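Trainee: Could you take me through one part of this model in close detail, beginning at the surface and following it inward? I should like to see how the pieces connect.

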Amino acid sequence: MDARFSVTRGVFLSGRQLLWGLTGCISAVALILDQWAARSPLQLQSLFLPLVVCTLATSLLGHWAVPLLRQLKAGQFIREDGPQAHLKKAGTPTMGGIFVIPVGLVVALLWSGFALPTVAVSLLTLAYGFIGWLDDWQILRHHSNKGISPLTKLALQVGFGSLFCLWVGWSNGFSTDLTTVQLPWQNWVLPLGFLFWPLAVFTLTAESNATNLTDGLDGLAAGTGAIALVGLGAIVAPNHPDLTLFCAALGGSYLGFLTHNRNPARVFMGDTGSLALGGALAAVAIMSNTLWALLLAGGLFCFESISVVLQVGYYKATKGADGIGKRLFKMAPYHHHLELSGWHETRIVAFFYGITALLSAIAVTVSLT
């Protein structure tokens, strides 16, 4: 039976209701944004059509992929120092990203006619998904919750990110237009020059780690990721229709994944899906010069990362002679703090959906008005 929580007196939402509510809202918003931009919602380079197609395709594919992952014994190992309520999730199939990512990328590539921008962001997404797959595979192989070393993961993220940025720079002739970051205020720019490239690599690495940290509750990362992708797709549409198609298709894939990942989850996306999600968001923002929009629309992911940094920093700063420090939060990332404070999973997920939707709406409004 779906777990439920009270939003207001007499109003209850379950994991299934959250799924249908989010699906309906994102689909309606995509339709409205297409009409607002005088764009047919049934054309390939729209928000609505690729979103709906990939949502249905991923949802249907999951009915075959999830039992297969279960047969392969790709069960999740739960860390013992996490919330105790999560121990019952041990054995739930993970690595769901292996059927989420291909759907969105195949649709985006075929419908865009393998346009170079779409190929570039798709390759980066695959590369980061591969890093996540290595991590998931090591966890399953060694029957523990420790995958590849943090140093190895970081090196791969920086390496693939640097190659992507090198291609972006080379294909644009290392133009100053690319290295001059556009800000949301009219005629405000930030001319970074060479410093843009370290910032771009950092953004790819930080964003992928941020979405990875956010992936800690049933339906949390997939739902917020779908919202952020659709919002970013609307923002880049005037100048980068191929990237809009990419965002809508991949957003639909993560939305369709919620059919199987909503509370109670039948499958987790694993690092395969969460690292790819962050990489895709950052890659689109870099290619479209919308880093500010990513910072705003993806503000929740950023906050989740900051909560971990604050937790570690505060613990070290307050460490006493006994080697034990104080904790700023009950547990980090912040969604675990709320969980240990008595919030039910679905309540946290709904709250974070709302925050991401609000931030994305602000980013879209500021960008398109």
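**From a surface patch to the interior**

Mentor: In this predicted model, Ile98, Phe130, Trp133 and Trp137 make up a nonpolar surface patch of about 370 Å². Helix H4 (residues 116-142) supplies the largest share of that patch, three residues. One residue of the patch, Phe130, lies in helix H4 and has a relative accessibility of 38%, so it counts as partly exposed.

Helix H4 also takes part in ionic pairing. Asp135 forms a salt bridge with Lys153, their closest N and O atoms being 3.3 Å apart. Because Asp135 belongs to helix H4 and Lys153 to helix H5 (residues 150-171), this pair ties together parts that are 18 residues apart in sequence. Both Lys153 and Asp135 are buried. Lys153 has a further partner in Asp271, with 3.4 Å between the closest N and O atoms. Here the link runs from helix H5 to helix H10, so it ties together parts that are 118 residues apart in sequence. Asp271 is buried, as is Lys153. Through the shared partner, Asp135, Lys153 and Asp271 are joined into one network. The whole structure holds three salt bridges; one of them pairs the side chains of Asp34 and Arg39, at 2.8 Å from N to O. Asp34 has 0% relative accessibility and therefore counts as buried, and Arg39, at 12%, is likewise classed as buried.

The network leads on to helix H10 (residues 270-288), whose 19 residues reach 28 Å from first C-alpha to last, close to the expected 27 Å. Since 19 of its 19 residues are buried, H10 is largely enclosed by the rest of the structure. Asn289 follows H10 and has a positive phi, near 55°.

The nonpolar interior comes next. The largest nonpolar core has 87 residues, among which Phe164, Leu204, Phe246 and Tyr254 touch the most other members. Helix H8 gives the most to this core, with 12 residues. H8 (residues 220-236) has 17 residues and reaches 24 Å, close to the 24 Å expected, and 17 of its 17 residues are buried. Beyond its sequence neighbours, Tyr254 touches residues including Ala222, Ala226, Leu229, Gly273, Ala276 and Leu277.

Helix H9 (residues 241-261) contains Thr244, which has 1% relative accessibility and so counts as buried. Setting aside neighbours within four places in sequence, Thr244 is in contact with Ser46, Leu47, Gly233, Val236 and Ala237.

Notes. Residues numbered from 1 in each chain as written. Predicted model: local features only at pLDDT ≥ 70, side-chain atom pairs only at ≥ 80, totals over all residues. Heavy atoms only, no water. Helix = DSSP H or I, 4+ residues; strand = E, 2+ residues; numbered from the N terminus. Buried < 20%, exposed > 50% of the residue type's maximum accessible area, 1.4 Å probe, protein only. Contact = heavy atoms within 4.5 Å. Patch = residues over 30% accessible without salt bridge, like charges linked within 9 Å, V, L, I, M, F, W, Y side chains within 5 Å. Areas by Shrake-Rupley, 256 points an atom, 1.4 Å probe, with all protein chains shown as cover. Salt bridge = Lys/Arg side-chain N within 4 Å of Asp/Glu carboxyl O. Expected span 1.5 Å × (residues − 1). Core = buried A, V, L, I, M, F, W, Y, C linked by side-chain atoms within 4.5 Å.
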